[in-house]
Amino acid sequence: MAQPDTVTRILDTAEVLFAERGFAETSLRNITSKAKVNLAAVNYHFGSKKSLIQAVFARYLDPFTARFHTALDELEARHPGEGDEIPLEELLETMARTVLEVPAERNSLKVFMRLLGLAYSQAQGHLRRYIQDEYGSVFTRFTELVRRATPDLPDAERFWRLHFMLGTVIFTLSGLDALRDIAEKDYDEHVTVRDLVRRLRPVVVSAMNAPLPEPPAAVRQAS
């Protein structure tokens with residue numbers, strides 16, 4: 001089997017180390033040592049650690065964004081009339097299906113989810129700006145469709161619920177191996193990724209549709 005080219009080897013190594021250790025804890029020296037390349041190769045192909053981090057995300061987010069836009073186009077074509085909003089469950093199912101399709105082209109679902117989790121918890125300013133600038137359009141489009149599907153939710157509440165939902169999905173799928181081991185050992189269940197998604201879907205739909213929380217006591221007293 002031919003050795004992967006230098007760029008691919010650097011990216012493959014970087015994404016695994018970033019997912020395992022985090023961005024700050026992974027040095028370029030860690031990456032070059034494991035990838036068996038010199039620092040000059042990283043500098044030549046990427047220029048900086050920031051650019052390397054962005055390139056790692058691009059390998060997942062480029063195909064994800066293209067596929068998700070296409071999937072949303074198909075959904076909107078099936079619901080063309082004014083007032084014919086796409087149901088929330090269809091939106092979430094489409095997002096889940098697209099998420100599952102992309103890692104097959106790259107490394108693994110677990111790595112993809114861990115990288116997304118890091119983008120939330122460890123993202124530096126440059127990464128947030130990069131993701132917003134390069135991929136913000138598809139997330140803005142999805143959020144707008146969710147807004148139409150949940151017209152009774154205040155905007156702030158919808159924001160929190162979307163992030164609670166994403167946190168649940170990222171935690172569940174990034175810990176996939178451990179969860180499957182527990183299910184097999186304790187409940188004699190052999191769980192596939194699609195089984196997990198099937199179980200997860202009604203939970204996140206219910207969470208998005210849950211009754212609004214009670215306002216704080218101070219607000220109730222003031223009113």
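# Notebook: an all-helix model

I began with burial, and found that 40% of the 223 residues of the protein count as buried. I noted at once that I am working with a predicted model, and I kept that in mind for every entry below.

**Entry on the fold.** I looked up the secondary structure next, and the protein turned out to have 11 helices and 0 strands. Reading the elements from the N terminus on, I wrote down α-α-α-α-α-α-α-α-α-α-α. I then checked the extent of the C-alpha trace, which spans about 65 × 45 × 45 Å along its principal axes.

**Entry on contacts.** How much of the contacts with a separation of 6 or more comes from residues 24 or more positions apart? I found that such residues account for 71% of those contacts in the protein.

**Entry on surface and charge.** I looked up the accessible surface of the protein, which comes to about 12900 Å², and I noted that 54% of this surface belongs to carbon and sulfur atoms. For the charges, I counted on 28 positive and 31 negative ones, and their mean positions are 8 Å apart.

**Entry on a nonpolar patch.** Which residues make a nonpolar surface patch of about 360 Å²? I found Phe159, Trp160 and Phe164 in that patch. I followed Phe159 further and placed it in helix H8, which covers residues 155–174. The relative accessible area of Phe159 is 43%, so it counts as partly exposed, a class that lies between the 20% limit for buried and the 50% limit for exposed. A patch residue needs over 30% relative accessible area, so the 43% of Phe159 passes that cut-off.

**Entry on two unusual phi angles.** I reminded myself that most residues other than glycine have a negative phi. With that in mind I looked up Lys36, which is not a glycine and yet has a positive phi of about 60°. Lys36 lies in the loop between helix H2 (28–35) and helix H3 (39–45). Is Lys36 buried or exposed? Its relative accessibility is 71%, and because the limit for exposed is over 50%, Lys36 counts as exposed.

I then turned to Asp188, which has a positive phi of about 55° although it is not a glycine either. I located Asp188 in the loop between helix H9 (176–187) and helix H10 (193–208). The relative accessible area of Asp188 is 61%, which is over 50%, and therefore I recorded this residue as exposed.

Definitions and conventions
Residues are numbered from 1 along each chain as its sequence is written. This is a predicted model: local features need pLDDT of at least 70, side-chain atom pairs count only at pLDDT 80 or more; totals for chains, interfaces and linings use all residues. Side-chain values use heavy atoms; hydrogens and water are left out. Helices (H or I, at least four residues) and strands (E, at least two) are DSSP runs, numbered from the N terminus. Buried means under 20% relative accessible area, exposed over 50%, partly exposed in between (1.4 Å probe, protein chains only). Contact means heavy atoms within 4.5 Å. Accessible areas come from the Shrake-Rupley method with a 1.4 Å probe; for residues, only the protein chains shown count as cover. Lys and Arg count as positive and Asp and Glu as negative; His and the chain ends are not counted. The place of a charge is taken as NZ of Lys, CZ of Arg, CG of Asp or CD of Glu. Patches are made of residues with over 30% relative accessible area and no salt bridge: like charges are joined within 9 Å, nonpolar side chains (Val, Leu, Ile, Met, Phe, Trp, Tyr) within 5 Å. A salt bridge is a side-chain nitrogen of Lys or Arg within 4 Å of a carboxyl oxygen of Asp or Glu.
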